[in-house]
Every structure is written in structure tokens, then in C-alpha cells.
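User: I should like to learn how to read the features of a structural model. Please take me through them one at a time.

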Amino acid sequence: YHEYSQKDNHKCEYTALNLNCGCPSPSVSGKKCFGAALMKDPKHVTKLVRAMHDGVEGKIPCTVKCRIGVNDSTPFSRKTYDRISERKEYEQLRSFVDAIASDGIVTNFQIHARIAVLGGLSPADNRKVPPLKYEYVYRLADQYPELNFVLNGGINSLSQVKEELDGNASLAGVMVGRALCADPWSFSMADEMIYGDATVDEIHQQRLCTNRRELLEAYGRHVDYEESRNDPAEIRRSLVAACAHLFAGEPNAKRFRRELDEIAARPERLQREAKAKVWSNISSGGKGSSTLASAFSTSSTLAGGGWDDMQASDSPAAVASVGWDAIQAIDDNTKWDENEPPLSELILEAAHRNFGDEVLSSCRKESYDKKVWEEEQARMRIARGDPILFAVERSSGEKDSKVSGGVVDGWFKNGLSWP
């Protein structure tokens with residue numbers, strides 16, 4: 001790890017390195033030396049963070065993300081787990097923190113306030129079934145004022161983030177992952193609500209976008225720049241994915257995501273069609289085939305096969321038999337069509353087709369207030385024991401209704417997001 005860290009030391013401008021000791025995935029923790037399984041061997045974790053620290057020459061912080069503990073000795077059941085002494089469980093967590101922080105390298109811990117069940121629960125169930133125990137993280141923050149503790153797990157809204165930080169001054173922060181990715185616009189008021197009144201991006205000295213239309217316009221300039229420098233067939237999917245959930249919870253959000261999927265796949269589809277057309281043209285001796293024929297004259301693989309054979313040729317020997325000239329000839333004749341509409345235009349058009357001006361122009365404060373109101377209404381209905389009526393969006397974009405009380409109650413108790 002030390003050699004690898006030194007090799008890639010300045011490859012990216014990282015602000016910190018984080019060792020994940022909390023992932024419960026069987027493909028990771030099942031190997032006994034990755035993810036949450038590391039919590040069972042604090043000495044090994046200490047060696048790892050020392051290697052990380054040495055690898056970057058101590059120039060950036062090394063941090064650790066973990067759970068409050070691990071369970072792999074018996075099949076997990078809530079009844080059995082509830083019989084475990086909380087004092088003993090907390091002391092094991094405290095011992096882990098003591099060991100990792102002992103050499104002064106790690107001073108920042110991000111703690112998912114659930115145990116990790118290393119057998120019998122899927123990664124998704126590991127984020128819902130074991131109960132949250134925020135009090136363990138609160139106690140660590142109080143007992144170790146020289147260390148920074150960040151609370152993670154079950155935090156699904158900006159109002160929850162603010163509630164935790166306002167109620168627990170010892171916490172260094174709150175970490176939100178999937179909820180932010182699933183509904184990023186609902187967190188757009190973070191600068192104002194968490195850090196004070198901010199209307200300007202202090203890093204780039206730019207005015208913050210006030211609504212989603214402005215945000216898409218600004219993001220459009222970025223994606224067009226990226227596609228001008230890179231092959232759209234290689235990067236478009238990742239560019240489009242960043243705004244796929246920008247309208248989460250709005251009518252037609254699912255239809256918008258479907259349109260974005262089509263936009264994301266368009267460069268790859270057009271490239272495949274163009275290459276197939278070129279190959280067909282060569283095979284049939286059509287227009288332009290004479291220009292390309294010489295490139296294929298020494299290619300026995302292509303002569304006896306087809307386009308699929310050439311695409312499957314990814315080993316050095318296979319590529320050599322195909323011929324670099326042949327591959328280059330195909331690529332030269334299937335360049336990205338510069339007459340294609342820019343990605344920014346396609347994304348904005350999809351947004352305007354699916355959402356009205358009220359949605360596109362609603363400011364961040366309006367969206368935040370609406371989210372808080374919905375959360376409060378849901379809590380009031382649950383407190384009264386009312387059945388919960390909520391809308392389920394069909395693939396057509398229409399609305400269907402279902403009634404459920406216990407399900408929604410379970411959402412809040414298990415830290416799941418409101419649909």
C-alpha cells in the first residue's frame with residue numbers, strides 16, 4: 001500500500017484518504033480483510049493507516065469510516081441482538097477507536113451507527129434491519145473532544161442533518177450518501193441552513209443557482225465542454241447520471257429519467273450503427289469501400305469474420321491479426337457527428353417536456369420548505385395513527401394511490417426516505 005500510495009501521490013488532488021471499515025458486502029467483508037471485517041482486527045487497521053500516511057508523506061489527512069461493531073458469530077435476529085449488553089457493545093467500539101487513534105494519525109472517524117452483519121443480511125438489509133444507535137456516536141464525541149466524529153446512517157433529509165448538528169454540539173459533522181444522490185435538490189439549501197447565509201460559491205466566486213433551470217443551464221456548459229474534449233460514447237453516461245435525480249419526487253420524474261437514459265445511450269448507439277454501416281459497405285463493395293479495402297487487405301481475421309469478430313479482438317495477438325490499420329480505418333470513418341445537438345440542449349429539452357415552469361423555476365428555499373412540510377405532515381399522520389395515502393407513479397407518468405400505515409411507519413423507524 002505504501003508503494004502504491006507513493007506512486008499515485010500527486011495523480012489527483014485529493015483532500016484526504018479514507019479507509020472503509022464499514023462495508024458489509026459479502027464480496028468485501030467475506031474475504032476477512034476488507035470492509036467491516038477489518039473492525040475485528042484493529043492492529044491491522046493501524047498498520048494500514050500508517051502505510052496510507054507514509055504513502056502520502058503525511059501531506060493529507062487519513063480518516064476511517066466504520067460501523068459501531070460487527071456480528072458474524074450467529075445468524076442475526078433482532079430478538080437475539082436486543083439481548084446483547086449495550087455497555088459491552090459500546091466498550092468494544094471505544095476500544096477500536098482507542099487502537100486506531102493511538103498513534104495520532106487518524107483523528108477523524110465517520111461512524112455508521114449500526115452494526116454490520118457479516119452473514120445472513122444483504123448490503124441493503126444491513127442499512128435497514130440493525131437498529132440505529134446514535135447515542136454511541138454522541139458518547140464518543142463527548143469522551144474524545146480531541147477527535148472528530150461524523151454521524152452516518154439513516155439521515156435522509158437536510159432538516160435531519162440540521163436537527164442532529166443543532167442538538168449535538170460535539171459532533172464534527174453528519175455524513176449523507178444515498179439520500180443525497182437520490183434527491184440532490186432537496187439538499188440544495190445546505191450552505192444556508194448549515195453554514196450560514198450563502199448566496200455565492202466562495203471557491204469559484206460565482207452566484208449560486210437559484211432554481212433547477214439555472215442549474216441545468218450551468219451544468220450544460222460543463223457537459224458540453226467535457227464532450228468537446230472527450231469521446232461522447234465514453235463519457236456521456238456518467239455526465240447524464242449526475243442530473244438523473246434532480247427532479248426526484250416531482251410528477252413525470254420517472255419519464256424524465258427514461259429520456260435521459262435514451263440521451264445517454266445515443267452516442268454509443270450511433271457509433272455502433274455507423275460502424276456496422278461501414279462494415280456492410282466494405283463487405284458489399286459499396287461507396288467508399290475501395291478507400292478502406294487496402295486497410296483490410298492484410299487482415300485475415302476480418303476477411304473471414306465480421307464486425308463482431310473485430311470488436312471481440314481485444315488481446316494483443318488478436319488485434320495484431322486484425323491489423324491496426326483496419327481498426328483505425330473503421331474509427332476514422334465513424335467519428336462523432338458534430339452536427340448532433342449538444343448534450344446541454346438535449347437535457348434542457350427533456351426537462352421542459354416533462355416539467356412546467358412552476359417546477360423549473362421554484363427556488364431552493366421553496367423546495368426546502370415543501371420538503372420540511374411533507375416530513376412534518378407525515379409525522380403528524382403517523383402520530384395520530386392515520387392510514388397513509390401516498391401516490392405511486394406509473395411508468396406512464398400517471399398517478400395511482402395506495403393506502404398503507406405500517407409500511408410508512410417502518411420507513412421512519414428504520415431511517416428510510418419518504419417516497
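User: Where is the place of asparagine 252?

Analyst: Some ground rules come before the answer. This is a predicted model, in which local features need pLDDT of at least 70 and side-chain atom pairs count only at pLDDT 80 or more, while totals for chains, interfaces and linings use all residues. Residues are numbered from 1 along each chain as its sequence is written, and side-chain values use heavy atoms, with hydrogens and water left out. Helices (H or I, at least four residues) and strands (E, at least two) are DSSP runs, numbered from the N terminus. Asparagine 252 sits in the loop between helix H12 (232-241) and H13. Its phi is positive, about 75°, although asparagine 252 is not a glycine.

User: Which other residue that is not a glycine has a positive phi, and is that residue buried, partly exposed or exposed?

Analyst: Buried means under 20% relative accessible area, exposed means over 50%, and partly exposed lies in between (1.4 Å probe, protein chains only). Glutamate 57 has a positive phi of about 55° and is found in the loop between helix H3 (42-55) and strand S2 (62-71). Glutamate 57 counts as partly exposed because its relative accessibility is 48%. Asparagine 252, with a relative accessible area of 16%, is buried.

User: What do glutamate 259 and serine 367 touch?

Analyst: Contact means heavy atoms within 4.5 Å. Glutamate 259 belongs to helix H13 (residues 253-284) and is buried, its relative accessible area being 16%. Not counting residues up to four places away in sequence, glutamate 259 touches Ala350, Arg353 and Asn354. Serine 367 is in helix H21 and is also buried, at 15% relative accessible area. Leaving aside neighbours within four places in sequence, serine 367 is in contact with Trp185, Arg212 and Ser362.

User: How does one describe two packed helices, and at what angle do the axes of H8 and H21 cross?

Analyst: Two packed helices are described by the angle between their axes and the distance between the axes. Axes are lines fitted to C-alpha atoms, for helices over the stretch in contact, and angles run from 0 to 180 degrees between N-to-C directions. The axes of helix H8 (residues 158-167) and helix H21 (residues 364-384) cross at roughly 80° and come within 9 Å. H8 is therefore roughly perpendicular to H21; angles under 35 degrees count as roughly parallel, over 145 as roughly antiparallel, 65 to 115 as roughly perpendicular and the rest as oblique.

User: Which residues of H8 and H21 meet?

Analyst: From H8, Leu158, Ser159 and Gln160 meet Tyr368, Val372, Glu375 and Arg379 of H21. The residues of this contact comprise 3 nonpolar, 2 polar and 2 charged. Here Ala, Val, Leu, Ile, Met, Phe, Trp, Tyr, Cys and Pro count as nonpolar, Asp, Glu, Lys and Arg as charged, and the others, Gly among them, as polar.

User: How many disulfides does the structure hold?

Analyst: A disulfide is a pair of cysteine sulfur atoms within 2.5 Å. The structure holds 0 disulfides. For cysteine 21, the closest cysteine sulfur is that of cysteine 66, 6.8 Å away, which is too far for a bond. Cysteine 21 is buried, with a relative accessible area of 0%, and cysteine 62 counts as buried at 2%.

User: How many helices and strands has the protein chain, and what share of its residues is buried?

Analyst: The protein chain has 22 helices and 9 strands. Buried residues account for 41% of its 419 residues. Of the contacts between residues at least 6 apart in sequence, 68% join residues at least 24 apart.
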